[in-house]
Amino acid sequence: MERAAVDAFLTGIPIFPSLDKMASVFSYESSEVDWCEDNYKHSEIVVEYFNTMSSFIFFVISPIMLYLLHPYARERNLAVHLVWIMMVFVGIFSMYFHMTLSFMGQMLDELSIVWVLAIGYSLWFPRRHFPYFVKDRRCFTQMVAVLTVVTSLSSFVKPTANAYALNFFGIHILYSLLIELKSCTDQRVLRLSWATIGLWVLAISCWISDRFGCSFWQKLDFCYLHGIWHILIVLATAYASTLIAYLDATLEIPYSLPHVQYWPRDNWAIGLPYVVLKGSTKLKKRC
């Protein structure tokens, strides 16, 4: 064994070729994914400049939503904050991915989104829709965690399929929301739901158009739809998380009398929605 190692060193053959392979996943442009934006157009070290810079929206919206949803999280479950804490990591990994287009950047970007969805499912999926063999939310959370770990590991087999799977989960979330909204009569909440769907459709349209219509947008010299997707999907997540939090509060803490308001001004046509609890707290008698 020692003789073989010496021979390998003298002949220049790498003793641990797997280390080179491991290092390659961090290399620039090692990912199979390359978005429509021209590479290195504005910087020699940033592959996709606009896609990288647009990821800053995660760092702007996330702390605001953490603050706005804190009263609801304090009453319902402080784990709610994990959704927007993870969104910060989505922004970090999105910047890293578009800056380098590395394989590792792609995986971190997509897997962080998977875990955001997993946390959302664990916290907010309605109890009445649990599988028959799930007894309570703790068991449901454990099941989601196991499935998410399996999904995370299997995603390395076919990385390019991850984005399509994530959009499929987005469709399922919208379907679940529509079912829950059938019994809703609050016009403000219904308007919020339509705004959520509209933002999601616009975001997905930008993603698909950038992915499959790149040649058309290159002719127009407008290759920034994926960056616009970043902005729209963060806003869609803010609207969707508030909508889901409202529906969850009506089911799990109905005594709190949840109500939807908008920041910075409630009477503005455009703003960030959040849940206000106008009823009693859990320290008081529950009806």
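**Cavities.** I searched the whole structure, which is a predicted model, for enclosed space and found 1 cavity of 30 Å³ or more. I noted a volume of about 40 Å³ for this largest cavity, and I listed its lining as E37, D38, K41, D221, C223 and Y224. When I sorted the residues of that lining by class, I counted 4 charged, 2 nonpolar and no polar.

**Largest pocket.** I then turned to the open spaces, and for the largest pocket I recorded a volume of about 1100 Å³. Its lining runs to 49 residues, and I marked I113, L117, G170, I173 and T237 as those that lie nearest the centre. Looking up which elements give two or more residues to this lining, I wrote down α6 (81-100), α7 (103-124), α9 (162-181), α10 and α12 (225-252). With 13 residues, α12 is the element that gives the most. By class, I found the lining of the largest pocket to divide into 30 nonpolar, 12 polar and 7 charged residues.

**Second largest pocket.** For the second largest pocket I read off about 290 Å³ of space. I found 14 residues along its lining, and those closest to its centre are Y121, V144, L147, T148 and F169. I traced at least two residues of this lining to each of α7, α8 (137-154) and α9, and I saw that α8 gives the most, with 6 residues. The class split here is 12 nonpolar, 2 polar and no charged, which I set beside the 7 charged residues noted for the lining of the largest pocket.

**Helix α10.** Having met α10 among the elements that line the largest pocket, I checked its geometry. This helix covers residues 187-212, 26 residues in all, and I found that it reaches 37 Å from its first C-alpha to its last, close to the 38 Å expected at 1.5 Å a residue. At its N-terminal end I looked for a cap and found D186, a side-chain oxygen of which lies 2.9 Å from the backbone nitrogen of R188.

**Strands β1 and β2.** Last, I followed the pairing of β1 (residues 258-263) with β2, which is antiparallel and extends over 6 bridges. Within this pairing I took Q261 as a reference point and found that its bridge partner in β2 is Y274. I also checked how far β2 (residues 272-277) is covered, and I entered the strand as mostly covered, since 5 of its 6 residues are buried, that is, under 20% relative accessible area.

Key: Residues numbered from 1 in each chain as written. Predicted model: local features only at pLDDT ≥ 70, side-chain atom pairs only at ≥ 80, totals over all residues. Heavy atoms only, no water. Helix = DSSP H or I, 4+ residues; strand = E, 2+ residues; numbered from the N terminus. Expected span 1.5 Å × (residues − 1). Polar contact = N/O pair within 3.5 Å; in protein donor to acceptor, adjacent residues only side chain to side chain. 1 Å grid on protein atoms, 1.4 Å probe; cavity = no way out; pocket = protein on both sides within 12 Å on 5 of 7 lines; lining within 4 Å. Points joined across faces, edges and corners; volume = space filled by probe spheres on them. Nonpolar A, V, L, I, M, F, W, Y, C, P; charged D, E, K, R; others polar. Buried < 20%, exposed > 50% of the residue type's maximum accessible area, 1.4 Å probe, protein only. Pairing = 2+ DSSP bridges.
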